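These are my notebook entries on one protein model. I set down each item as I looked it up.

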Amino acid sequence: MAEQVVGTEGAARATRNRRPPEPVRRGGAAAPRPADAPAEAEASPGDGGFLGRERELDALRADIDRTGLDTLAGRKAARGRVLLIAGRPGSGRTSLAEALVRRLRGDYPDGLLRARLTTSGGTPVPPARPARDFLATLGVTAPPGAREDELSALLREALAGRRMILLLDDAGSAEQVDALLPDAPHCLVVAVSRGPLTGIPDVRPCTLGGLPEAAGVELLSRRAGSTRITNDPQAAEAVVRLCDAQPAALVLAGGWLAARPKASVADLARRLRAQQAGAEDQGARPLARAFRLVYEELPEPAARMLRLLALAPDGTVDAVTASALAGCSVPIAQGALEDFTALGLLTALPRPERAGNGAAAGGGDPVAAPHTAGPAREPSADSVARHRVPGCLEPLLRAELERERSGEVELARARMLERTVRLLYACRLAARPGDRAAREKLAGLPRALRFPSPQAAEGWLTERLPELIEGARLAVADGELDTLARRLLSGLTQALAAHRGTEAAAPELYGLHQLVLDVARRRELELEEAAALLNLGDLDARAGRTREALVRYKEALEAARVVGDPYATGRSLESIGSTYQELGDWHRAADWYGRALALRLSRGELADEARLYGRLGAVRTYAGQWGEALRDWRAAAAVCRRLGDLPGHARALSETARVQEYAGRPHEALRTCLEAIEAARRAEDVRLQAAVRLRAADTLERLGDPGAARLHRGAAERLLAAAGEDGDAAGAGPASGAAGTPGGAVAEPEAAAGQAEPATSRAEAPAGRGGSGSGRPAGGAVARSGAARAAAGEPRAEGENEPTYEISSGTAKD
């Protein structure tokens, strides 16, 4: 989040179309606007103007060209130059950094990466988070669950050869910055912190104090209007001195004056002196005194809403969130946020341009449309204006929040989480435009919770994702609202899967599954614990962390056995077997697959039996246990026949023939091949027919019948030509089976074990319980019970069902 800045341009545009002030209902009153105040007086601390730091800008630009210590020592610079801007919150340090970046963008044509390294709650951000965000911006996909050192290495590799600027705002330590420094001498890092960052070599901090007095007066004039400032310049200079020429304090002082057209600048100076004299802490900073001046004159309902904004994740808020926090309507909340922005207590954020958004091209007006006669109409969920609490005011708001009754704070947080769950529910419904039931449910929601199109919902999810994830982290860390936290996590995972797919959303899902695991263990919810562990294990396996995945699966098995859930237990057993298969431990893989099969047999689950027989046949083929492998493949074929699954039956017969050939029984292999060809023909599986005919041709050649082998080979080529396929059918692999069949579970070894590596070294899951993969079911783990197991529920709101943590990660390793 950007911190206080001194400019005016962005909010000036916003306020030209603002409706006239009206009372804030529920007891609040909006501050009137001064008659002589120009549009610039509506500026907020984070907008684009810049004043009074030319000397610092020149020094920073000169520091870029300064000869570094490496050059003086005769070494080539290993890393990019680091510029450090140090100053207290409210000194305009972020504004200076942004102004510097704007002036340097032409020298760094590959772009800008920026991150804030401290959360709105004041805790340091682990460097892994911005590193992953930077990689995503650069188009590099980082493995889900990757460690910090891995992400740092990937980031440095991605930045090699580029000329980019990295803006690291609100850095709390040298370690945070060091982990993100590129090994690219042509990159520039601009770090912003409270003080020096010891540990980063060759850095000269640019330490900020107050603005020059003339710049301070100009800033006050922009905020409050020039007439009163020009009429009483001495009082204006006194105000600047009382604010220690700190930009953020002057913005608030100017906002107070702009809201009172009958007050003089001398009145403002007297009020600031009174704040200084009456401060409990005589060492209170000018920013705190200016904040108290504005805050204490707010009506109580408005003051209450303002301090509750400290609960907003990432310090970002819109009218929907504010209305939930304060327990008021969305239009009332929207008006209050506009008033706060005019006073300098919030920053208006520009609206990003995206498909499905009703805003004009280029982002549109960042605040509500001009007020018209009649009742205010609530905007849709994707079109509400967004605001941000300036970083320097966050500690002050948190201090005010501590004076609120704990029960009220908890209730406000619960309302905010409930509203977020409902928004995620609507977001997921919007992803199914072809589903009539989903459209009807979406239409039944309040307008402020609806999305006009799938594109608008996806844009909202992308734009709000950092806040949503931070909100989930805060809810889990709070520990008092775990039910709402679980619903939020469920809604967020389902919305991501609906709009992005589990593959593309895997990095975010990994962190969410970790949070689910934390809550489940704290609340002793063993079934959800098993589900989270299974999902994390799948993601670890896909990222190549096979040993870590094995540990996750075994822990999931223990949790599933505690509650006696058969599906989670079977899923865990099968995943353990697939992991040992991935490790090449065929005997252990067969043992665990056998345990999973015994469970399926006891429950009469034929589709799962067929899949597990196929996986047992595959691992025993690798182990050279031909007799056991033949038994398993024949059992798989028999179960598929019972299910009426013709493709699965044909593939099982094909694998039986392969094992017979490995076992030195070519005549039996030929008979089984012919049976498999007929089964594939009845299943209308052209690719499988071609593959089995080629296998039969190889067997016939070994039996000394080249003529018959040529016939089968020619038939296979015709089949492929008719299907429009090029290349060798054996390389094409098996076709996917129908849901509930062994499908890809029928692996296709190319040669006997000990002679050559089979082409498909891992069995695949059927479409029913998950896609292709390492023999583990790729479908996500399930945390559910009773009748709720049949389907994932919806977020509970106005009679809706409780959500279920059931997310198909779809990330089993190919």
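**Entry 1: E56**

In which helix is the place of E56? I found E56 in helix α2, which runs over residues 54-65. I note here that the model is a predicted one. Next I looked up the accessibility of E56, and the value is 7%. The limit for a buried residue is under 20%, so E56 counts as buried. I then listed its contacts, leaving out residues up to four places away in sequence: E56 touches L96, C206 and L208.

**Entry 2: the protein overall**

I turned to the totals. The protein has 814 residues, of which 57% count as buried. I read off 33 helices and 10 strands. For the contacts between residues at least 6 apart in sequence, I recorded that 71% join residues at least 24 apart.

**Entry 3: helix α26**

I took helix α26 as a separate item. It covers residues 586-603, which makes 18 residues. From its first C-alpha to its last it reaches 26 Å, and this is close to the expected 26 Å at 1.5 Å a residue. After the helix comes G604, and I noted that its phi is positive, near 70°.

Which residues of α26 are buried? My list reads A589, A590, W592, Y593, A596, L597 and R600. A general point helps in reading such a list: an α-helix has 3.6 residues a turn, so residues three or four places apart point the same way. I also looked up what covers these buried residues, and the cover includes α24 (546-563), α25 (566-582) and α27 (606-622).

**Entry 4: A590**

From the same helix, α26, I picked A590. Its relative accessibility is 10%, and A590 therefore counts as buried. Not counting residues up to four places away in sequence, A590 touches L616, V619 and R620. I also checked A590 against L612: the two are 22 residues apart in sequence, and their C-alpha atoms are 9.8 Å apart in space.

**Entry 5: salt bridges**

How many salt bridges does the structure hold? I recorded 63, and I looked at several of them one by one.

The side chains of R522 and D482 meet in a salt bridge, at 2.6 Å from N to O. R522 lies in helix α22 (residues 506-523) and D482 in helix α21 (residues 482-500), so this pair ties together parts that are 40 residues apart in sequence. Is R522 buried or partly exposed? R522 has 39% relative accessibility and counts as partly exposed. D482, at 4%, counts as buried.

I next looked up the salt bridge of D608 with R600, in which the closest N and O atoms are 3.8 Å apart. D608 is buried, with a relative accessible area of 8%. R600 is buried as well, at 2% relative accessibility.

The third pair I examined is D698 with R713, where the closest N and O atoms are 3.1 Å apart. D698 lies in helix α31 (residues 686-702) and R713 in helix α32 (residues 706-722), so the pair ties together parts that are 15 residues apart in sequence. D698 counts as partly exposed at 32% relative accessibility, and R713 counts as partly exposed at 26%.

I then asked which residues are joined into one network by salt bridges that share partners. They are E574, R600, R603, E605, D608, R611 and R615.

**Entry 6: cavities**

My last search was for enclosed space. Rolling a probe the size of a water molecule over the atoms shows where empty space is left. I counted 6 cavities of 30 Å³ or more in the structure. The largest cavity has a volume of about 230 Å³. It is lined by 16 residues, and the closest of these to its centre are P313, T321, T420, E467 and L468.

Which element gives the most to the lining of the largest cavity? Helix α20 does, with 5 residues. I noted that β6 (316-318), α18 (406-430) and α20 (454-478) each supply at least two residues of this lining. By type, the lining of the largest cavity divides into 8 nonpolar, 4 polar and 4 charged residues.

How values were computed: Residues are numbered from 1 along each chain as its sequence is written. This is a predicted model: local features need pLDDT of at least 70, side-chain atom pairs count only at pLDDT 80 or more; totals for chains, interfaces and linings use all residues. Side-chain values use heavy atoms; hydrogens and water are left out. Helices (H or I, at least four residues) and strands (E, at least two) are DSSP runs, numbered from the N terminus. The expected span of a helix is 1.5 Å times one less than its number of residues. Buried means under 20% relative accessible area, exposed over 50%, partly exposed in between (1.4 Å probe, protein chains only). Contact means heavy atoms within 4.5 Å. On a 1 Å grid over the protein atoms alone, a cavity is a set of points where a 1.4 Å probe fits but cannot get out, and a pocket is an open set with protein on both sides within 12 Å along at least five of seven lines; lining residues have an atom within 4 Å of a point. Grid points are joined across faces, edges and corners, and a volume is the space filled by probe spheres set on the points. Ala, Val, Leu, Ile, Met, Phe, Trp, Tyr, Cys and Pro count as nonpolar, Asp, Glu, Lys and Arg as charged, and the others, Gly among them, as polar. A salt bridge is a side-chain nitrogen of Lys or Arg within 4 Å of a carboxyl oxygen of Asp or Glu.
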